[in-house]
Amino acid sequence: MTVQYLKKGKAIEAKAEINTQIRATVEGILADIEQRGDAAVREYSQKFDKWAPASFRLTQEQIAAAIAALTPQALEDIQFAQAQIRRFAQIQKSSMHDVEIETLPGVVLGHRNIPVNSVGCYIPGGKYPLIASAHMSVLTAKVAGVKRVIACAPPFDGQPSNEIVAAMHLAGADEIYCLGGVQAVAAMALGTESIAGVDMLVGPGNAYVAEAKRQLFGRVGIDLFAGPTETLVICDDTVDAELVAVDLLGQAEHGPTSPAYCITTSRKIAAGLPAAIDKVLSRLDTAAIASVSWRDYGEIILCDSDEEALVEAERLCSEHVQVMTKDPDWYLQRMTSYGALFLGARTNVSYGDKVIGTNHTLPTMGAGRYTGGLWVGKFIKTHTYQRVLTDEASVAIGEVCSRLCALEHLAGHKEQADIRVRRLSK
């Protein structure tokens with residue numbers, strides 16, 4: 001049997017006219033904020049979010065009030081999630097080491113791992129208050145050793161989200177702003193009279209925020225170029241169609257262009273999944289969004305073997321890959337192109353998104369072919385250094401360097417080597 005595409009979704013291709021419009025809008029906002037600073041930020045915040053307080057930065061009193069407004073259970077749950085994320089991030093950081101080695105007698109090479117000095121974290125919150133994004137960005141940056149971490153989130157229902165503010169503060173944010181959209185990203189990256197600029201931007205956002213990060217890349221570092229959320233379930237007869245439907249729709253609710261793929265070796269699941277999707281949609285409050293995403297971008301791919309399923313999974317290179325098969329580790333050992341793996345029916349993407357400890361900022365649009373997701377290492381720069389301890393070592397290296405520079409016809413480079421050979425030769 002060859003691979004059968006029982007349901008095929010639209011190709012994820014950005015419409016040129018929409019991209020052009022978004023690009024032009026963002027360019028204008030960035031240029032305006034760079035020129036007029038706080039005044040422009042305030043105007044755009046009023047225009048897009050109907051929000052223009054005396055100060056976008058929250059005071060310690062406002063932060064304390066936000067935390068006090070939470071139920072004890074909500075506060076405990078936020079702290080639990082952050083404990084898991086902090087612990088895993090600390091373990092990841094401990095895997096990174098400075099190195100120094102004497103590669104030849106008298107020649108010492110090394111590198112140092114140095115945290116970025118300042119980071120701006122964007123936490124989406126206008127449509128849904130995405131509390132977990134504060135953990136994933138702010139907390140991870142602080143574990144990495146970033147000295148100054150600032151965080152921005154838009155107002156939710158006309159005011160700062162208590163839950164997001166609490167998560168930002170407990171994660172270790174040094175400055176917290178209730179400010180959203182392109183204006184927030186621009187203020188953090190470019191700096192204004194009231195907000196000092198940062199060295200790096202991280203965090204997800206809508207198409208305008210993603211475009212702003214793309215245009216600002218180079219002036220500042222960024223985590224990833226983000227596209228719509230993607231999910232892939234690889235499954236066999238060890239699970240049922242309802243569970244697969246829940247796991248697909250749990251990510252399809254992110255937006256109407258979020259692909260949800262099912263690759264299965266089970267004819268029973270392939271046949272029963274459409275009805276299971278309809279059944280699960282009937283009990284989801286977010287069905288209006290998830291149903292469109294599934295209708296337009298959902299796929300059902302029936303394969304004859306794990307080997308065929310692996311080829312399809314590698315081709316799709318999905319952000320989230322949930323493996324619910326008899327032997328999930330078979331895929332762990334063989335897959336190379338994805339954002340994150342969720343192995344076995346006991347776990348799921350929502351665990352990873354919210355609480356289990358791994359970071360949920362992951363590559364989309366095929367970027368998993370060449371990069372992983374956000375982790376402490378993204379906030380740490382690895383810088384090399386060299387030291388030559390003896391005259392003899394400098395002469396030995398210099399003589400080879402001189403000849404190589406001559407081959408490249410670089411006289412200035414050659415003279416850098418030659419002057420040392422002349423002066424240090426015995």
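The protein chain of this predicted model folds into 16 helices and 14 strands. Measured out along the principal axes, its C-alpha atoms fill a box of roughly 85 × 65 × 45 Å. The chain has 426 residues, and buried ones make up 47% of them. What share of the contacts with a separation of 6 or more links residues 24 or more positions apart? In this chain that share is 75%.Next come the residues that the UniProt record picks out. Its "active site" annotation, from an unreviewed entry, covers Glu 319 and His 320. Glu 319 sits in the loop between α12 (306-316) and β12 (320-324), while His 320 belongs to strand β12. Are these two buried or exposed? Glu 319 has a relative accessible area of 6%, so it counts as buried, the cut-off being under 20%. His 320 is buried too, because its relative accessible area is 2%.

Who are the neighbours of this pair? Leaving out residues up to four places away in sequence, Glu 319 touches Pro 228, Thr 229, Glu 230, Gly 339, Ala 340, His 360, Leu 362, Pro 363 and Thr 364. With one of these, Glu 230, there is a link through the backbone: the side chain of Glu 319 reaches the backbone nitrogen of Glu 230 at 3.0 Å. For His 320, with residues up to four places away again not counted, the list runs Thr 229, Glu 230, Thr 231, Leu 232, Gln 251, Ala 340, Phe 342, Val 349, Asp 353 and Leu 362. Thr 229, Glu 230, Ala 340 and Leu 362 turn up among the contacts of Glu 319 and among those of His 320.

Some of these names come back in a pocket. The second largest pocket has a volume of about 440 Å³. It is lined by 25 residues, and the closest to its centre are Gly 339, Ala 340, Thr 358, Asn 359 and Leu 362. Among these, Gly 339, Ala 340 and Leu 362 are also residues that Glu 319 touches. Which elements each supply at least two residues of the lining? They are α4 (72-94) and β13 (340-343). Sorted by class, the lining holds twelve nonpolar residues, 13 polar ones and no charged ones.

UniProt also has a "binding site" annotation, again from an unreviewed entry, and it lists Gln 251, His 254, Asp 353 and His 413. These residues are spread over 163 residues of sequence, and they are spread in space as well, with up to 55.2 Å between C-alpha atoms. Two names on this list have already come up, since Gln 251 and Asp 353 are among the residues that His 320 touches.

His 254 lies in the loop between α9 (241-252) and β10 (260-264). With a relative accessible area of 37%, His 254 is partly exposed. Once neighbours within four places in sequence are set aside, His 254 is in contact with Thr 229, Ile 289 and Asp 353. Two of those residues, Thr 229 and Asp 353, are also touched by His 320. That ties a "binding site" residue, His 254, to an "active site" residue, His 320, through contacts with Thr 229 and Asp 353.

Another listed residue, His 413, lies in helix α16 (residues 411-424). Why does His 413 count as partly exposed? Its relative accessibility is 44%, which lies between the 20% mark for buried and the 50% mark for exposed, so partly exposed is the class that fits.

The helix numbered α15 (residues 391-407) is home to Ser 394. Ser 394 is buried, with a relative accessible area of 15%. Apart from neighbours within four places in sequence, Ser 394 is in contact with Val 388, Arg 420 and Leu 424. Arg 420 and Leu 424 fall within the residue range of α16 (411-424), so Ser 394 links α15 to that helix through its contacts.

Finally, two residues have a backbone angle worth a look. Lys 50 has a phi near 55°, a positive value in a residue other than glycine. Lys 50 lies in the loop between α2 (38-49) and α3 (60-68), and it is exposed, with a relative accessible area of 62%. His 409 also has a positive phi, about 60°, although it is not a glycine. His 409 lies in the loop between α15 and α16. At a relative accessible area of 72%, His 409 is exposed, because the cut-off for that class is over 50%.

Technical notes
Residues are numbered from 1 along each chain as its sequence is written. This is a predicted model: local features need pLDDT of at least 70, side-chain atom pairs count only at pLDDT 80 or more; totals for chains, interfaces and linings use all residues. Side-chain values use heavy atoms; hydrogens and water are left out. UniProt positions are given in the numbering used here, feature names are shortened, and annotations may be inferred rather than shown by experiment. Helices (H or I, at least four residues) and strands (E, at least two) are DSSP runs, numbered from the N terminus. Buried means under 20% relative accessible area, exposed over 50%, partly exposed in between (1.4 Å probe, protein chains only). Contact means heavy atoms within 4.5 Å. A polar contact is a pair of N or O atoms within 3.5 Å; within protein, one must be able to donate a hydrogen and the other to accept it, and residues adjacent in sequence count only if both atoms are side-chain atoms. On a 1 Å grid over the protein atoms alone, a cavity is a set of points where a 1.4 Å probe fits but cannot get out, and a pocket is an open set with protein on both sides within 12 Å along at least five of seven lines; lining residues have an atom within 4 Å of a point. Grid points are joined across faces, edges and corners, and a volume is the space filled by probe spheres set on the points. Ala, Val, Leu, Ile, Met, Phe, Trp, Tyr, Cys and Pro count as nonpolar, Asp, Glu, Lys and Arg as charged, and the others, Gly among them, as polar.
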